[in-house]
Structures are given as structure tokens and as C-alpha cells.
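Welcome, and have a look at the model below. The notes that follow walk through its fold, a few contacts and a pocket.

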Amino acid sequence: ESCNSLGSLPMARFIVQLDLSTISRAQYAFILDRIRSAIECADGGLTVWEYQSVRNTLTSVRSLLQLGFLAVSVFAMLTSSCSLLTSMFSNIQDQSKEIAVLRSMGVGDFLLFRVHFGESLALLLTSSLFGVFTGWLVASAQC
């Protein structure tokens, strides 16, 4: 009798929301089993869709995506760092004549290091601020 009444209902969806904090796993399994048996009995082409299992799958996919984005970010940062180091050493090579003139004037190695390190630090901070600002603009545009 309950099979006929469930099969005769004109429905596209039947949603049952359970507060999992108030029932045990055994009660949840019992309720799910009763719903599945009623659907099988009705033979109306209905299926049981568990939100919790889909949510768990989506959570694990989200974690994998976050890990992938982290890997891409780390790779981009390493590539940028290598590019910056290459540019810095190339700059020193280009300025070798200037360095020779400064040394002949009596400028010490430590002062030369400080000058080139300061220049590199200024380039690094400027490019970092530009990158953070650009990332913030892109993130705010997507929201």
C-alpha cells in the first residue's frame, strides 16, 4: 500500500534534510535504508542522492586544486627568483667597467657589495609591490 502511494505522487524531487549532529550513524543508516527500500518498491525511476558523499568528494577535489595552485605559485616564485638573480648578475657584468673605475678610486669591496645589493633590493621590493598589487586587482575583479 505504501508503495502505491509513493509511486503515485507527482514529484520531481523529494528532499529529506537530517541534522546529523542529533542522530547516530546507525539511525542515519536505518533512515537511508528505509528511504531506499521505499523508492525501490515504488519503481518510479527515483534515486537517492546523498549530499554528504558529494560534499566529501568536492572537499577532496578542492584540496587537490589548492595543492595544485600552490605548486604553480611556488614554481612561478622560483622562476621569478631565478630570473631576478640572472638579471642581477648580468647587470654586474655590464657594469664591470664602472666597478673597475670605482675600485681604482679606492672604493672597497664591501661598499660595492652594499651598492649593488641595495640596487637589487630596491628592484625586488618594487617588483614585489607591483606583483602584490596586480594580484589584489585580479582577485578583487573575480569576486
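## A salt bridge

A salt bridge here is a side-chain nitrogen of Lys or Arg within 4 Å of a carboxyl oxygen of Asp or Glu. Keep in mind that this is a predicted model. With that definition in hand, a search of the whole structure turns up 1 salt bridge. Its partners are the side chains of Arg103 and Asp109, at 2.9 Å from N to O. In general, side chains of opposite charge can pair when their charged atoms come close.

How exposed are the two partners, Arg103 and Asp109? Arg103 has 48% relative accessibility and counts as partly exposed, while Asp109 is exposed, with a relative accessible area of 53%. The two labels differ because over 50% counts as exposed.

## The overall fold

Stepping back, the chain has 5 helices and 0 strands, and along the sequence the pattern reads α-α-α-α-α. The chain holds 143 residues, and buried ones make up 7% of them.

What share of the contacts between residues at least 6 apart in sequence joins residues at least 24 apart? The value for this chain is 38%. One pair that is far apart in sequence is Met88 and Ser120: they are separated by 32 residues, yet their C-alpha atoms are 6.7 Å apart in space. Met88 sits in helix H3 and is partly exposed, at 24% relative accessibility.

## A buried loop residue

Now follow the chain to the loop between H3 and helix H4 (96-104), where you will find Gln95. Is Gln95 buried or exposed? Its relative accessibility is 17%, so Gln95 counts as buried, since the cut-off for that label is under 20%. Leaving aside residues up to four places away in sequence, Gln95 touches His116 and Glu119.

## Aromatic pairs

The whole structure contains 2 aromatic pairs. In one of them, Phe113 and Phe117 have ring centres 5.6 Å apart and planes at 20°, so this pair is stacked. The cut-off behind that label is planes under 30 degrees apart.

Phe113 and Phe117 both belong to helix H5, and because they are 4 residues apart there, about one helical turn separates them. Phe117 is partly exposed, with 47% relative accessibility.

## The second largest pocket

Rolling a probe the size of a water molecule over the atoms shows where empty space is left. The second largest pocket encloses about 400 Å³ of space. Its lining consists of 14 residues, and those nearest the centre are Ser81, Leu84, Leu124, Ser127 and Ser128.

Which helices each supply at least two residues of this lining? They are helix H3 (51-94) and helix H5 (109-142). H3 gives the largest share, with 8 residues. If you are thinking about the chemistry of the lining, sorting it by class gives 8 nonpolar residues and 6 polar ones, with no charged residues.

Conventions:
Residues numbered from 1 in each chain as written. Predicted model: local features only at pLDDT ≥ 70, side-chain atom pairs only at ≥ 80, totals over all residues. Heavy atoms only, no water. Buried < 20%, exposed > 50% of the residue type's maximum accessible area, 1.4 Å probe, protein only. 1 Å grid on protein atoms, 1.4 Å probe; cavity = no way out; pocket = protein on both sides within 12 Å on 5 of 7 lines; lining within 4 Å. Points joined across faces, edges and corners; volume = space filled by probe spheres on them. Nonpolar A, V, L, I, M, F, W, Y, C, P; charged D, E, K, R; others polar. Phe/Tyr/Trp six-rings, centres within 6.5 Å; stacked < 30°, edge-to-face > 60°. Contact = heavy atoms within 4.5 Å.
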